[in-house]
Amino acid sequence: MNRRRVVITGIEVIAPGGVGKDRFWDLLSNGRTATRGITFFDPSPFRSQVAAEADFDPYAHGLTPQEIRRMDRAAQFAVVAARTAVADSGLSLDALDPYRVAVAVGSAVGATMGLDQEYRVVSDGGRLDLVDHTYAPPHLYNHMVPSSFATEVAWAVGAQGPSTVVSTGCTSGIDSVGYAAELIREGSADVVVAGSSDAPISPITMACFDAIKATTPRHDEPERASRPFDATRNGFVLGEGAAFFVLEELEAARARGTHVYAEIAGYATRSNAYHMTGLRPDGAEMAEAIRIALDEARLNAGEVDYVNAHGSGTKQNDRHETAAVKRSLGEHAYRTPMSSIKSMVGHSLGAIGSIEIAASALAMEHDVVPPTANLHRPDPECDLDYVPITAREQRTDAVLTVGSGFGGFQSAMVLAAPWRSPR
Amino acid sequence: MSTRTVVTGIGVTAPNGLGTDHWWSATCGGKNGIARITRFDPSAYPAKLAGQVPGFQAEQHLSSRLLPQTDRVTRLSLVAADWALADAGITPADLPDFDMGVMTASSAGGFEFGQGELRNLWARGAGHVSAYQSFAWFYAVNSGQISIRHGMKGPSGVVVSEGAGGLDAIAQARRQIRKGTPLIVTGAVDASICPWGWVGQLATGKLSTSDDPTGAYLPFDRDAAGYVPGEGGAILITEDGEAARARGARVYGEIAGYGATMDPRPGSGREPGLRAAITLALADAALDPAQVDVVFADGAADPAADRTEAEAITAVFGQRAVPVTVPKTMTGRLYSGSGPLDLAAALLAIRDGVIPPTVHIDPCRDYALDLVITAARPATLRTALVLARGAGGFNSAMVVRATH
Amino acid sequence: MAGTAFTLDDLKRTLRQAAGVAEGVDLDGDILDTDFDALGYESLALLEAGSLVEREYGIALDEEAVNDARTPRAFIDAVNTHLTSTTA
């Protein structure tokens with residue numbers, strides 16, 4: 001029996017600097033950055049004061065006042081992106097058996113913004129240990145348990161198949177889509193609305209990353225704050241956003257004659273079993289995830305046209321990842337462009353993996369590799385081709401996208417043009 | 001799909017028993033673990049009862065290096081995982097590191113830790129937030145910490161689907177085993193009995209406000225008026241059936257079938273998804289309803305949800321055609337911890353030929369269920385169905401069966 | 001606290017609170033020049049310890065100095081630089 005192949009037939013992105021996948025691609029392909037001084041709250045008490053904020057108006061995207069009240073910003077992103085991805089796919093989900101339509105939502109920190117705001121109220125600014133339930137809104141539980149995101153997306157698109165939230169820290173955005181692809185392969189669903197969302201730009205998140213000095217303290221030039229692989233980088237820039245996809249089985253997509261962006265040809269996740277925040281410099285576990293994902297895709301390392309990097313802009317990550325790519329691609333690593341879009345849209349934790357999958361699919365669509373912005377002087381220990389400053393036109397049929405997260409999770413996904421003939 | 005997934009180890013931290021043996025004998029004996037909250041003063045809140053894990057001293061089990069960076073939920077998870085591995089006779093250091101993974105579920109992560117750091121932030125200032133806040137509260141923390149503690153580099157992950165999540169995690173473990181990883185630590189523990197977590201749970205409006213530990217959580221009773229939350233759950237060792245047999249492992253049973261659905265959006269008028277989840281799980285296990293010997297029900301103790309569950313069970317099995325039980329009447333609802341704990345109970349029920357009881361309830365006669373009430377019921381069991389639902393419309397059903 | 005030097009005992013107390021003690025490690029032994037790695041403390045533990053010191057003494061430590069401190073002696077020196085400079 002031929003295995004079921006899974007393809008992306010709908011995409012939507014909500015990202016800093018561009019709501020909508022066309023604006024998002026315009027930002028990336030022009031190498032513009034969307035990092036700025038934080039406007040959501042007064043950032044002056046914090047070490048890091050920059051972020052990549054999305055200019056998102058939920059009313060403009062058709063959410064009702066009650067939906068806006070009950071949903072955290074991340075849930076709002078998810079619902080809007082999911083709905084738009086479905087429209088992009090041209091699928092009429094109402095015509096399908098709802099039990100064959102599944103939902104997978106990635107999120108690292110769930111409704112952290114809503115929790116931060118509501119805690120402040122029920123605790124009266126932190127004064128009350130026995131927080132006051134009479135000040136709690138009815139939707140507080142939806143913030144506490146982020147499976148509410150999957151519920152909202154399922155309701156929005158009318159899905160009744162297996163649905164969940166995948167929460168694996170900063171690899172959530174790859175893992176949710178990998179999980180979704182598996183549902184189609186094994187036959188548990190025919191269509192999955194999958195993606196991820198996070199909206200972590202909130203005081204508690206800034207404070208916790210300040211405490212481990214993971215975010216950049218550079219705020220003199222906010223638009224140049226995110227500098228993956230550059231010798232002068234000193235931490236990541238927090239971002240927010242969502243990307244959602246419609247995944248279908250290849251033959252079904254072909255039968256209805258719809259546009260196919262890319263095949264999810266391979267996926268794997270492995271753990272470093274080392275440290276909740278630390279990485280071993282050899283990148284062995286990420287390399288193993290890459291190896292398995294390529295194997296599942298039936299691709300040789302030499303066939304990878306582009307590596308979409310995790311590229312968070314911490315020294316630890318950039319070196320770890322560079323080592324992992326060398327370890328898995330061998331000499332081909334030096335010939336393969338590898339860029340970090342976090343230089344432009346920041347690091348949106350659990351969302352960024354899906355946003356990077358979208359960037360990878362759009363790179364294939366346009367045969368253009370997005371650049372690493374702000375990369376003027378590479379770290380000598382990072383000696384690959386990071387596509388500095390300017391996007392590059394090149395045929396792009398196979399993309400490797402990788403992620404690395406707190407908890408030790410290391411994930412890799414291979415996107416391939418489904419029209420590529422198998423090896 | 002010829003690969004079988006079997007359960008070879010069980011580790012339990014439950015409100016009516018710490019450790020599998022204590023919990024199982026308490027469960028068969030109908031021992032109640034629901035009581036007035038002692039972890040904080042509940043006087044000011046409308047609900048005051050919970051199922052709290054008794055006598056858990058983390059420092060007896062875990063290095064002091066782990067304590068500053070872990071919430072109670074992670075400590076309970078780590079200890080349950082240790083016990084499950086010991087029960088399975090597994091020494092992780094002896095196995096190839098990429099051959100072991102961790103798939104757990106979570107509902108609220110390390111919520112009490114989060115409360116402490118939110119308080120530090122808002123009462124004392126940004127510089128007072130712990131370095132550990134960057135991971136100690138988040139939903140992925142238990143899988144991460146278990147993988148680190150035991151050097152497990154295989155596929156790991158976390159799912160969040162509220163009360164259904166624990167079964168979804170076990171299903172995800174089975175997927176990884178089918179894809180070639182021989183051993184997955186799975187299951188779930190939840191614990192958010194802290195003021196901030198309590199206020200979050202109260203917001204559902206579904207908590208019982210009764211002060212009577214024996215009368216507060218009454219699923220399938222005419223007086224059902226909400227549930228009592230609890231903490232704890234079970235961590236299980238799942239293995240490739242062949243690998244387990246090759247090493248001579250004691251096998252509790254096989255994960256034979258699984259199905260998951262969502263309820264339709266409110267107001268749609270469509271049927272809730274639970275019946276479909278049961279049907280999918282039975283089809284996945286290639287079983288007829290008549291082959292199922294016992295059902296471990298979800299037991300929401302909300303009249304509408306109880307009716308939905310009773311109707312789903314009778315639609316699939318017929319009226320009073322299969323014994324049904326809700327041992328969580330002794331623990332309260334443990335969120336993602338409930339499904340794995342019920343699965344553990346189902347496996348031990350099969351082993352011991354006994355169905356643990358549903359306590360405290362007087363079954364409502366509107367439901368055509370054969371509820372096992374008051375005392376455990378001896379029975380020859382080969383196959384059990386476990387149901388778990390999550391707030392927001394999640395329905396999961398899992399079938400376990402004896403392998404001998 | 002101001003004006004008081006930061007001692008090895010202060011460091012040990014801080015480490016215990018910030019990160020506990022690894023099994024097999026005797027903090028009361030001769031550890032002044034022992035590498036933090038050998039004592040079971042990684043960068044995260046030292047970041048938390050640094051934060052506790054900053055809060056307790058009301059000082060802002062030099063990030064690089066704390067980051068580069070590989071032994072208790074170096075950590076203590078990094079703290080005392082600030083204690084003496086703020087109280088001078």
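Which residue stands opposite B:Val160 in S6(B)? Here are some notes on that and on two interfaces, bearing in mind that this is a predicted model.

1. The strand pairing first. A:Val165 is the residue that stands opposite B:Val160. The strands involved are S6 of chain A, residues 163-166, and S6(B), and they pair in the antiparallel sense over two bridges.

2. Now the whole contact between the chains. Chain B brings 77 residues to it and chain A brings 77 residues. About 6,100 Å² is buried between chain B and chain A, with carbon and sulfur atoms giving 67% of that area. If you want names to look for, try B:Trp122, B:Trp196 and B:Met262: they supply 12% of the area that chain B buries against chain A, more than any other three residues.

3. On the polar side, there are five salt bridges between chain B and chain A. One to view on screen joins B:Arg119 to A:Asp129, where the closest N and O atoms are 3.2 Å apart. The count of residue pairs in polar contact between the two chains is 20, both residues being at pLDDT 80 or more.

4. Which parts of chain B touch chain A? The elements giving two or more residues include helix H3 (111-124), helix H5 (141-150), strand S6 (157-160) and strand S9 (253-262) of chain B. H3(B) has the largest share, eight residues. Sorted by class, this side of chain B holds 41 nonpolar, 24 polar and twelve charged residues.

5. Turning to the inside of chain B, the domain assignment gives domain 1 (5-246) and domain 2 (258-401). Their C-alpha centres lie 21 Å apart. In the contact, 59 residues of domain 1 of chain B meet 61 residues of domain 2 of chain B. Together these domains bury about 4,400 Å², 67% of it on carbon and sulfur atoms. On the domain 1 side, B:Trp24, B:Leu167 and B:Phe220 lose the most area to domain 2, together 21% of what that side buries.

6. Polar links also cross this domain interface. Two salt bridges are found there, along with 16 residue pairs in polar contact, both residues at pLDDT 80 or more. Elsewhere on your list of pairs to inspect, put the side chains of B:Arg174 and B:Asp284, which meet in a salt bridge at 2.7 Å, N to O.

7. A last look at helix H6 of chain B: H6(B) gives the most to the side of domain 1 that touches domain 2, with eight residues. By class, that side of domain 1 has 29 nonpolar, 20 polar and ten charged residues.

Note on methods. Residues are numbered from 1 along each chain as its sequence is written. Chains are lettered from A and ligands numbered from 1 in the order in which they are written. This is a predicted model: local features need pLDDT of at least 70, side-chain atom pairs count only at pLDDT 80 or more; totals for chains, interfaces and linings use all residues. Side-chain values use heavy atoms; hydrogens and water are left out. Contact means heavy atoms within 4.5 Å. Buried area is the accessible area (1.4 Å probe) that two parts lose on being put together, summed over both. A salt bridge is a side-chain nitrogen of Lys or Arg within 4 Å of a carboxyl oxygen of Asp or Glu. A polar contact is a pair of N or O atoms within 3.5 Å; within protein, one must be able to donate a hydrogen and the other to accept it, and residues adjacent in sequence count only if both atoms are side-chain atoms. Helices (H or I, at least four residues) and strands (E, at least two) are DSSP runs, numbered from the N terminus. Ala, Val, Leu, Ile, Met, Phe, Trp, Tyr, Cys and Pro count as nonpolar, Asp, Glu, Lys and Arg as charged, and the others, Gly among them, as polar. Two strands pair if DSSP finds at least two bridges between them. Domain bounds come from an automatic or database domain assignment.
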